Amino acid sequence: MGKTTLTAAAVTEQLMIQFWQNGYAQTSIADLVTASQLSRSQFYRQYRNKSVALRRSLQQYQLVLDELLTQLIQRDQALGTPLAALLADCLLLPAQSDRWPSGCLLVNTMAEIGGHDTLIANQTQAIYAALQTRLVGLLSPVAAQLPATVAETATSLMQVRSGLQLLAKQAVNVSQLKQQAMVSVKLILQEG
């Protein structure tokens, strides 16, 4: 039997998972070649270097996260989930996924790379802003009932999300994370 060749999307997904689990600095080209099932020359031809591989992984991550978020919002809204619980579910993505590693590639990358690579910093900030915009969309219909502006509330929720994703990386119990998410959301929304 021959070796199974991954599709281009599957290769990028494997690279994404490698970076997600091990971080940028701890991931070597050899790790990426192994994860991608590409030869070293194929890897360099398709990705040129580790930084490009991370940027493409972040693009894939944004697509995955957006898809998961859309599915979650549609499901929760169809079930009539209260806003606080819906927001808590959104903050926990992708931490509560069985398919993906714990934590969040976005939070991990922002923490590890920061401003050391302008292209990656700009990309992570764009993903962060897109997530925050999704929260703004959920909050806007109830703007009059919020204790702060929609933008301030979304910003606070994103800060909570970052903390929850860091905790998830530490293998904290999922029910504990859900409880912390709900308590934090209710405090921000100033719900009983």
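1. Packing of helix H6. In this predicted model, the buried residues of H6 pack against four named elements: helix H1 (8-22), helix H4 (50-78), helix H7 (118-139) and helix H8 (150-169). Helix H6 itself covers residues 105-113, and its buried residues are Leu105, Leu106, Val107, Asn108, Thr109 and Ile113. Just after H6, the backbone at Gly114 adopts a positive phi of about 50°.

2. Surroundings of Ala84. Ala84 belongs to helix H5, which comprises residues 83-92. Its relative accessible area is 4%, and because the limit for a buried residue is under 20%, Ala84 is classed as buried. When residues up to four places away in sequence are not counted, Ala84 touches Met182, Val185, Lys186, Leu189 and Glu191. A further relation links Ala84 to Val183: the two are 99 residues apart in sequence, while their C-alpha atoms are 9.3 Å apart in space.

3. Aromatic pairs: Phe19 and Tyr24. The count of aromatic pairs comes to five. In one of them, the ring centres of Phe19 and Tyr24 are 5.9 Å apart and the ring planes meet at 20°, so this pair is stacked; the cut-off for stacking is under 30 degrees. The partners may also be described by accessibility. Phe19, at 1% relative accessibility, counts as buried, whereas Tyr24, at 22%, counts as partly exposed.

4. Aromatic pairs: Phe43 and Tyr44. These residues form an edge-to-face pair, with 5.6 Å from centre to centre and 75° between the planes. The edge-to-face assignment requires an angle over 60 degrees. Phe43 has a relative accessible area of 0% and is therefore buried. Tyr44 has a relative accessible area of 36% and is therefore partly exposed.

5. Aromatic cluster. Trp20, Tyr61 and Trp100 together make up one aromatic cluster.

6. Lysine over a tyrosine ring. Tyr24, the stacked partner of Phe19, also takes part in an arrangement with Lys50. The charged end of Lys50 sits over the ring of Tyr24, at 4.4 Å from the ring centre. The description of Tyr24 should accordingly include both its stacking with Phe19 and the position of Lys50 over its ring.

Key: Residues are numbered from 1 along each chain as its sequence is written. This is a predicted model: local features need pLDDT of at least 70, side-chain atom pairs count only at pLDDT 80 or more; totals for chains, interfaces and linings use all residues. Side-chain values use heavy atoms; hydrogens and water are left out. Buried means under 20% relative accessible area, exposed over 50%, partly exposed in between (1.4 Å probe, protein chains only). Helices (H or I, at least four residues) and strands (E, at least two) are DSSP runs, numbered from the N terminus. Contact means heavy atoms within 4.5 Å. Rings of Phe, Tyr and Trp (its six-membered ring) pair if their centres lie within 6.5 Å; planes under 30 degrees apart count as stacked, over 60 as edge-to-face and the rest as tilted. A charge sits over a ring if NZ of Lys or CZ of Arg is within 6 Å of the ring centre and within 35 degrees of the ring normal.
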